[in-house]
2 protein chains.
Amino acid sequence: MPALKGPPGSGSHGSPGQGQSKSERTRERLLHAAAVTLSRLGYAGMRLVDVGEEAGVQAPAIYYYWPSREQLIEEVVTVGTVRLREYVAAALAAAPPGTPALDRLDIAIDAHLRQLMSESAFAHAVIRNISQLPAAIRSHQIVEERRYAEIWRSLFTEAVDSGELRSGLDPDLAQPLIIGILNWAAEWWSPKRSSIDAVVATAQSIVRHGVAAEAAGASGISGA
Amino acid sequence: MPALKGPPGSGSHGSPGQGQSKSERTRERLLHAAAVTLSRLGYAGMRLVDVGEEAGVQAPAIYYYWPSREQLIEEVVTVGTVRLREYVAAALAAAPPGTPALDRLDIAIDAHLRQLMSESAFAHAVIRNISQLPAAIRSHQIVEERRYAEIWRSLFTEAVDSGELRSGLDPDLAQPLIIGILNWAAEWWSPKRSSIDAVVATAQSIVRHGVAAEAAGASGISGA
DNA sequence: GTTATCTTTTAACCGCCATTAGAAGATTGC
DNA sequence: GCAATCTTCTAATGGCGGTTAAAAGATAAC
């Protein structure tokens, strides 16, 4: 009975694959393959054979790293949610203090969209599957998701408090509607269709005008 | 070898269930059950047992009406797309001639959201599954979807031509982004959370301000 | 009330896929 | 280069679920 690896990658997703053991790299390759396959075929449709194929490995090899298919999926969606949250949080944290709420909203939109469209199949896998995931698998993910939602909630709260949000707009409805703009991009966008920059800019423009108080200008932040 | 029913419901989805034979009603019940189950469990996760259970029938009974699981799903997604398109098209057709493009946009948003949130599990099933459906199953659906997309494209074209769309906004990007606001509502909205009317009004408000040319007023049409 | 047809059920069948067992290949320390 | 461990493979196993077969229940016409 070989001692199963604890999850070593849990904190090291900054710079992908250099100074790790072969085993660690295989594990990451499998996790990534699972994310890709999961977003293509869905929760019930993802076969371990597909994952193995995507990673260049036979299916049973997966059991060396995870005790079950369910655990693998659980890690994919948890990692996907965590990375998305951390990416957006980091972008916001990098903004100088005193940045207006609407500019911070632009930053969050930029980060969320980029993470979704280019950075990782993980966020993609989460967004396409949460609604169909058995509750048992979401136990960890759901915690992270709530933490992420909290970021957006506070963005809107800031905007309300500073008077930047158009009055009469319910922030508790506006927020999920705006998220919809971003998340749905995972369904239709492809690099052939347009540049990421163009999508980000258009989304920012629509959202800013869509929620800003009447007086607000149309400017944005620099091109981050 | 009992002659399989041709699809009798193909044109009669206006007023649900009164003057039909028991068989026709069972077929509709099964189709609806399939839509519900499909949106809950996804393409690969939908079991015929679940569909049967939802409809109060044993699974093999399904084969009296459809030759295979795939054909059943194909009908669900096709019907879902057709109904959505027809519902939105009808709402737009009811607008008086000369209605400004942005007001027509409000109408389309209203219709799309209502169809999605209350009218039918069908649109729901489509939206949650298109990306994961095998191409073979989408052959018919995809045609209807293109026709539906054409409605939205022309809405935006009208808005551009009449100068109601904010200049600098790419309508080919704005359109799918706006659709995202609507479709994603299927993921988060529940009747416990808010009224449909509130969601519709908020979405309309965000979209109107989001895409309107600077001079445009914030008014809408009457409440439907 | 009997017969022909329509509808639904129960009881297999069969293939697919997660999982397990156990053997073979790497890898590393010595 | 040899042994211990780590990693991956090939070859079963077992259950689940789509599908088929054939019988049993409705239904309607006469």
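**Exercise 1. Secondary structure of chain A**

Task: State how many helices and strands chain A has, and in what order the elements run.

Solution. Chain A has nine helices and zero strands. Read from the N terminus on, the elements therefore give the pattern α-α-α-α-α-α-α-α-α, helices and strands being DSSP runs numbered from that end. The model is a predicted one.

**Exercise 2. Burial and contact range in chain A**

Task: Give the share of buried residues in chain A and the share of contacts that join residues at least 24 apart.

Solution. Step one concerns burial: of the 224 residues in chain A, 44% are buried. Step two takes the contacts between residues at least 6 apart in sequence; 72% of these join residues at least 24 apart.

**Exercise 3. The nonpolar core**

Task: Find the residues with the most contacts inside the largest nonpolar core, then list what A:Ala34 touches.

Solution. The largest nonpolar core has 124 residues. Those with the most contacts inside it are A:Ala34, A:Val76 and A:Ala203, together with B:Ala34, B:Val76 and B:Ala203. For A:Ala34, first set aside the neighbours within four places in sequence; the contacts are then A:Val51, A:Leu72, A:Ile73 and A:Val76. As background, nonpolar side chains tend to be buried together in soluble globular proteins.

**Exercise 4. Helix α2 of chain A**

Task: Identify the buried residues of α2(A) and explain why they lie on the same side of the helix.

Solution. The buried residues of α2(A) are A:Leu48, A:Val51 and A:Ala55. They cover an arc of only 60° around the axis, and this is why they lie on the same side of α2(A). The general rule behind this is that an α-helix has 3.6 residues a turn, so residues three or four places apart point the same way. The buried residues of α2(A) pack against α1 (22-41), α3 (62-65) and α4 of chain A. Just after α2(A), A:Gly56 takes a positive phi of about 70°.

**Exercise 5. Two buried residues**

Task: Decide whether A:Ala101 and B:His124 are buried or exposed, and place each in its chain.

Solution. A:Ala101 is in helix α5 (residues 101-119) of chain A. The cut-off for a buried residue is 20 or more other C-beta atoms within 10 Å. A:Ala101 has 21 C-beta neighbours inside 10 Å and therefore counts as buried. Not counting residues up to four places away in sequence, A:Ala101 touches A:Leu155, A:Glu158, A:Ala159, A:Ser162 and A:Glu164. The C-alpha atoms of A:Ala101 and A:Arg128 are 29 Å apart, with their positions 27 residues apart along the chain.

B:His124 lies in helix α6 (residues 121-129) of chain B. With 24 C-beta neighbours inside 10 Å, B:His124 is buried too. Leaving aside neighbours within four places in sequence, B:His124 is in contact with B:Ser39, B:Leu116 and B:Ala186. From B:His124 to B:Ile109 the C-alpha separation is 15 Å, and the two are 15 residues apart in sequence.

**Exercise 6. The contact between chains A and B**

Task: Describe the side of chain A that touches chain B by element and by class, then give the relation between the two copies.

Solution. The contact takes 34 residues from chain A and 34 residues from chain B. On the side of chain A, α8 (171-188) and α9 (196-211) each supply at least two residues. The largest share, 12 residues, comes from α8(A). By class, this side has 19 nonpolar, 11 polar and four charged residues.

For the relation, a rotation of 180° with 0.0 Å of shift along its axis superposes chain A on chain B, with an RMSD of 0.0 Å. The two copies are therefore related as by a two-fold rotation axis. In chain A, the C-alpha nearest the axis is that of A:Gly210, 1.9 Å from it. The same surface serves both copies, as 100% of the contact residues of chain A recur in chain B.

**Exercise 7. The surfaces near the DNA strands**

Task: For DNA strand C and DNA strand D, name the residues that come nearest.

Solution. Around DNA strand C there are 19 residues, of which A:Leu48, A:Arg69, B:Ser23, B:Gln58 and B:Pro60 come nearest. At least two residues of this surface come from each of α2 (48-55) and α4 (69-93) of chain A and α1 (22-41) of chain B. The residues divide into 10 nonpolar, five polar and four charged.

Around DNA strand D there are 18 residues, and A:Ser23, A:Gln58, B:Arg47, B:Leu48 and B:Arg69 come nearest. The elements that give two or more residues here are α1 of chain A and α2 (48-55) of chain B. The surface near DNA strand D has 10 nonpolar, five polar and three charged residues.

Notes. Residues are numbered from 1 along each chain as its sequence is written. Chains are lettered from A and ligands numbered from 1 in the order in which they are written. This is a predicted model: local features need pLDDT of at least 70, side-chain atom pairs count only at pLDDT 80 or more; totals for chains, interfaces and linings use all residues. A nonpolar core is a set of buried Ala, Val, Leu, Ile, Met, Phe, Trp, Tyr and Cys residues joined through C-beta atoms within 7 Å. A residue is buried if 20 or more other C-beta atoms lie within 10 Å of its own, exposed if 12 or fewer, and partly exposed in between; C-beta atoms are placed from the backbone. Two residues are in contact if their C-beta atoms, placed from the backbone, lie within 7 Å. A residue is near a molecule or strand if its C-beta atom, placed from the backbone, lies within 6 Å of it. Helices (H or I, at least four residues) and strands (E, at least two) are DSSP runs, numbered from the N terminus. Ala, Val, Leu, Ile, Met, Phe, Trp, Tyr, Cys and Pro count as nonpolar, Asp, Glu, Lys and Arg as charged, and the others, Gly among them, as polar. The arc is that of the directions from the helix axis to the C-beta atoms. Copies are superposed by least squares on the C-alpha atoms of residues with pLDDT of at least 70 in both.
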